[in-house]
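Trainee: Could you take me through one part of this fold closely, the strands that pair up early in the chain, and then show me how the rest is arranged around the sheets, helices and rings?

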Amino acid sequence: MAFEPPRRLVRALGETAPDGDDWLAKLPEAAERAVAGRGLTVERMQVPGGRSSLVVLVRTAEGAPAVLKLAPRRARPESERAALAHWGGLGAVQVREGDDEEGVLLLERLHPDVSVRSLPEAKALLEAAGTLRRLWVEPPASHSFETVAERTGRQAEAMRAGAAADAEVAPLVDAALAAREELLAEAPEERLLHGTFRQSKVLAGDRMPWLAVGPDPVVGESAFDLARLVRDRVEDLIAQPSGASTTRRRIKRLAESLEVDQERLRGWTLFRAVESGVRARRVGREQDAELLLEFAGWL
């Protein structure tokens, strides 16, 4: 079949490589090689798919269902592979053994069109939080995963540049950066984190009801990971007259259920929302930016 990259992937990669993307140009050929070299049969591409990888539903030579995933180096696919191997299928999708080609992952097949986001909100948060708890384990002794301090340090530089060019966001950026400094000064733990966890990253499985996919792993405190889940369905929160109070209750409920300090969760939620909002504005996703920055203002 023709491996034409989904429009969502093309658009998202264009935001991070505005001057062109050599990996994207070579993707159809790379996908053909990956399929042929493994004796796979293609069923279909997952559309709209992800923002950083091509996902193809396949069957192995033995007829077993699987997922073939191809990602550029900047999406850190080898870090994803290492995290999934460390979790060993507990709470997350499994990597099929014996496949270690750089930038290519052959994964256990879940149910790609059924995520916890399809559940009612309260149930979705409960199931997502339970899945996330299972991922918070000690990192490998000699790991090479990025740390929360390192990742947020890079992000902080971009946020400062955004604030310098846009006085409207400067107060929120200042508050977010101050929160980061305070949080990093007394980090309470070091866990392997999913890094980009949200409801759409939890899919229905067969060996377990729900399993996480698509990590961008990072090592740090649990509150950093949980912070992204707080703002899930942000468009619905913004549309509610009681959105601000609902958000505060959500922070309290999630913090208590996962035994995370409430103020640390609020601080990381602020930082991550402002960072995402500034980044969305920088690449021209103005509607997303407005939602995220309004949400951050409630915190």
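Mentor: Happy to. Strand β2 (residues 54–59) pairs with β3 in the antiparallel sense, over six bridges. (Strands pair if DSSP finds at least two bridges between them; strands are DSSP runs of E of at least two residues, helices runs of H or I of at least four, both numbered from the N terminus.) This is a predicted model, in which local features need pLDDT of at least 70 and side-chain atom pairs pLDDT 80 or more, while totals for chains, interfaces and linings use all residues. Residues are numbered from 1 along each chain as its sequence is written, and side-chain values use heavy atoms, leaving out hydrogens and water.

To find your place in this pair, look for V56, which stands opposite L68 of β3. The two strands make a hairpin with five residues between them, and in that turn G63 has a positive phi of about 90°.

β3 also has a partner in β4: five bridges join the two, again in an antiparallel arrangement. Here the bridge partner of K69 is L105 in β4. So how much of β3 is covered? Five of its six residues are buried, which leaves the strand mostly covered. (Buried is under 20% relative accessible area, exposed over 50%, and partly exposed in between, with a 1.4 Å probe and protein chains only.)

Now follow the chain out of β3. The loop between β3 (65–70) and α3 (77–87) holds R76. Its phi is near 55°, a positive value in a residue other than glycine. R76 counts as partly exposed because its relative accessibility is 28%. Beyond α3, D100 sits in the loop that leads to β4 (104–108). D100 is exposed, with a relative accessible area of 65%. C-alpha to C-alpha, D100 is 28 Å in space from R11, and the two are 89 residues apart in sequence.

A second sheet comes later in the chain. Three strands form this open sheet in the order β5-β7-β8, and the pairing is antiparallel. β5 (111–115) and β8 (210–212) each have a single partner strand, so they stand at the edges and one side of each has no neighbour in the sheet. From one strand to the next, the twist averages 55°. (Such angles run from 0 to 180 degrees between N-to-C directions of axes fitted to C-alpha atoms, for helices over the stretch in contact.) β7 (residues 202–204) is joined to β8 by three bridges, and these strands run antiparallel. V202 is a handy marker: it stands opposite A212 in β8. Lying across β7 and β8 is helix α4 (residues 121–135), which runs at about 55° to β8. (Contact is heavy atoms within 4.5 Å.)

Next, the helices. In α6 the buried residues are A170, V173, A176, L177, A179, R180 and L183. Among the elements that cover them are α5 (148–165) and α10 (262–282). Just ahead of α10, E259 lies in the loop that follows α9 (243–257). The phi of E259 is near 55°, a positive value in a residue other than glycine. E259 is exposed, with a relative accessible area of 69%.

α10 also takes us to the aromatic rings. The structure holds three aromatic pairs. (Rings of Phe, Tyr and Trp, the last by its six-membered ring, pair with centres within 6.5 Å; planes under 30 degrees apart are stacked, over 60 edge-to-face, the rest tilted.) In one of them, the ring centres of F224 and W268 are 5.2 Å apart and their planes are at 85°, so the pair is edge-to-face. F224 belongs to helix α7 (residues 222–230) and W268 to helix α10, so the pair ties together parts that are 44 residues apart in sequence. Both F224 and W268 are buried. W268 also pairs with F271: their centres are 5.8 Å apart with the planes at 90°, so this pair is edge-to-face too. W268 and F271 are three residues apart in helix α10, about one turn of the helix, and F271 is buried as well. F224, W268 and F271 form one aromatic cluster.
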